[in-house]
Amino acid sequence: MLRCSPSIHPGSRLFSTTPAFLANPIKAKRPDPNSSGPQKGVKSLKIKKKNTLRSAGRPPAPGERKALRKRIVLSNTNALEVKGMQDLSNDNMADKQIQGTVVGLPGPLVDQLRAAEAFRTGQGWGLFRRPGVLMRENSLEIARDLQDVVSGKKTLRRIYTGERGSGKSVVLLQAIAMAFLKDWVVVTIPEASQNRIAQDLTNAHTEYAPLSSSTTTPSQYVQRAYTASLLSRISKANSAVLSDLKVSLSHKLRIPIQPGTSLSHLADLGVRDPDIAWPIFQALWGELTSTKAARPPIMLTLDGLGHIMRDSQYRDPAFKPIHAHDLTIARHFVDHLSGVRSLPNGGAVLAATSASNVPFAPSLALAIDQRLHPTTSASSPSPSSSSSLSSSQQMPVWRKPVQRNPFMTYDERVLQSITPDLEIVELQGLTREEARGLMEYYAASGMLRHRVDESFVTEKWTIAGGGIVGEIEKASVMGPRV
Amino acid sequence: MPPRLNLLRSARTAFTRSTPSLASRAVAPCVFRCVPAREHSDSEKPQHKPNGPSREVPPHVTEEAVALGKAYGEGGPEIEQGTPVQEILKRDPKSLEKAPQVIREELGQNTGGKGRVASSTLEALDETEVMAPGHNYPLPELPLASNLNLKHRYDPIVQLVTSLMMKDGKLSVAQRNMSLILQHLRTSPPPSLNPERPLLPSAPPPSHLPLNPTLYLMLAIDSVAPLLRIRAQRGAAGGGVALQIPVPLGLRQRRRRAVEWLLEAASKRRSRGSGKGGFAQRVAEEIIAVVEGKSTVWDKRGAVHKLGVSARANINFGRRR
């Protein structure tokens, strides 16, 4: 706003091209005695801001606090060494004798499992001297199945499901450990990892781009950074096996591949340059599944299946959600899980659902429910589900037949991906013998300060909802009553 | 207006009370053991051994069994000769029949040789069913252990700390924090003690602490627990000045003060990680700092004790001579 400056002579006016401002000049504002604002020279109430606690030290570096939260500790030097604990090995993994005992994981295997990001936080590894796993019925079952795979060059395709704390991820870890011991190539898509989180495959935390070579509708999307991290995981965890395997096929890549290059080096090329990570991954997979050279079986695992069985958080150019199956890595896994693509050299495709970090995936839940409780034989338990109680002890339970909710929209792509020949295993609680073996291990490690006798085992087994292993752990070593 | 006559009311007073009156309840024995306050005029040597700042340490299991056996009129284990139980059972097969169930089970296991029962648990339960006809499960041994009550299933000190940590009535959050604290104590290296800040006289060596986190927690709390508080009696010192009077505290009161100080000091610590377990980690670090003598809680305790000593002349204020 233009304001006239006070003139020297009250009658005269300064020259200005703007219209003359005829009104008297505005006087300086007098403080209004009724106004609520503070007045000059008058003391008013001042409320000091609260002293916020300012720490003197340096603030944590970006990612430091998260790294501390996601840290995986695999040893407790205070815990006692368990005498006579066997190590998991090729010889004893399917041995009926070790059912119900805890076996240790040998050191090099632990490094491999760590590189494959098979361990998760909150699994209680940090309480014991060294990582050990309980060999339960399902562990021996998977060991036997892996042997069959080797002998018959079959592909084992299976989903582990079950309630929270029932040991799905640990059974998956055991399968991965056994595959490492058998010198398989293991490709893991973990549910939660240090750098690439969980849902990271689908939660739009990593960059994505449409796949230029795809001509299908809907179009495919590739996640270059995630693919590079996947390749790095493959290369680190399987370095011993992959460095012995040489490139046998000819690949059309942007960078030339020498004929004698090892597959480990091939994977590292993709790690170094995320732009070509996806073509490298395809080339690596082609090498691993080629029948021209001798290739080991492959294990492909994914934890947290629900995340890839629904729309992802990514958006297409029309701002419609991209289905998770249109992301190349998720598509790769689902194709192998449902049997659309096969593993000619044999192998296993294993997935586990998650019950603690559950995405809303009603189609997957419906597909699993329909398979576990088929309407045709509603009263009898499904043959694939393994139960801790024998059938003679189990009461016939009438179940409401699993039907589609008419008010829910289901995803047909997801329903079709759960094919009838895909095996679904619902993990139940431990038997009491297995629970006893686990508790004896706790006690021998010095973590459980109680006599492990029949009544104690039965008590904890019952408190744990019939031997749910996570709850047994909570009740006996993790809780406030130790 | 005529006075209202209520015949019913007078009749009602004639009924006897079925529940005991408050007065009769008041004579019930005090549950919490209090630390005996010693007057300055009392003799230096206490009449009976004081309980110390912690709860009385129970005797060894064997000694307890001897006392129990004595009370029941049985022999109990022979501790003088140091004879192993197995030897006694071997030379006296009759005693095997009367031996407790657990010992018999253990002997049965040892013959199995694997340390793990081969037969199924259900079968074992069936055997015991025969032992106690009319019951689905064997009867518990009496008297029941103190922690077999649902309301008292946690250790008293664990329960105290949990409830003091609780905010907004969220007990399960406090319990999770408590278990995180105990886990942190178990996984952190054994504390290095500071001779300047002595712990309880009966404290076990520091290497034993991580494997017994409840004891670790109790040791930290009981070691810094103040023996007294200062009551300010207004105007009693003359001229409107408050008179500082030291007042002895009971066991639970002492622990409560120590835990409050501990939690206050922990909340002032800087959180290193992020996520849910941050506070629990800070509390656990503070507990370790207390045992190592680094915590500021020790200074608080020292200040209260110093004030108590300087105001010791006021102890008998207001008491009848």
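Which residues lie nearest the centre of the largest cavity? In this predicted model, they are Glu117(A), Ala118(A), Leu172(A), Ile176(A) and Asp303(A), part of a lining of 14 residues.

That cavity has a volume of about 90 Å³, and it belongs to a set of 4 cavities of 30 Å³ or more. As for who builds the wall, helix H4 (168-181), strand E4 (185-189) and strand E7 (298-303) of chain A each put in at least two residues. H4(A) gives the most, with 4 residues. Sorted by class, the lining of the largest cavity comes out at 7 nonpolar, 3 polar and 4 charged residues.

Now for the place where the two chains meet. Chain B and chain A bury about 3200 Å² between them, and 50% of that sits on carbon and sulfur atoms. The count of residue pairs in polar contact between chain B and chain A is 8, with both partners at pLDDT 80 or more. On the chain B side, the elements giving two or more residues are helix H6 (101-112), helix H7 (121-131), helix H9 (171-187) and helix H10 (213-224). H9(B) has the largest share there, 7 residues. What about salt bridges across this interface, how many turn up? The rule finds 0 between chain B and chain A.

Here is the class make-up of the two surfaces described above:

| Surface | Nonpolar | Polar | Charged |
|---|---|---|---|
| Lining of the largest cavity | 7 residues | 3 residues | 4 residues |
| Side of chain B that touches chain A | 14 residues | 17 residues | 8 residues |

To round off the contact, chain B brings 39 residues to it and chain A brings 39 residues.

Note on methods. Residues numbered from 1 in each chain as written. Chains lettered and ligands numbered in written order. Predicted model: local features only at pLDDT ≥ 70, side-chain atom pairs only at ≥ 80, totals over all residues. Heavy atoms only, no water. 1 Å grid on protein atoms, 1.4 Å probe; cavity = no way out; pocket = protein on both sides within 12 Å on 5 of 7 lines; lining within 4 Å. Points joined across faces, edges and corners; volume = space filled by probe spheres on them. Nonpolar A, V, L, I, M, F, W, Y, C, P; charged D, E, K, R; others polar. Contact = heavy atoms within 4.5 Å. Buried area = accessible area lost by both parts, 1.4 Å probe. Salt bridge = Lys/Arg side-chain N within 4 Å of Asp/Glu carboxyl O. Polar contact = N/O pair within 3.5 Å; in protein donor to acceptor, adjacent residues only side chain to side chain.
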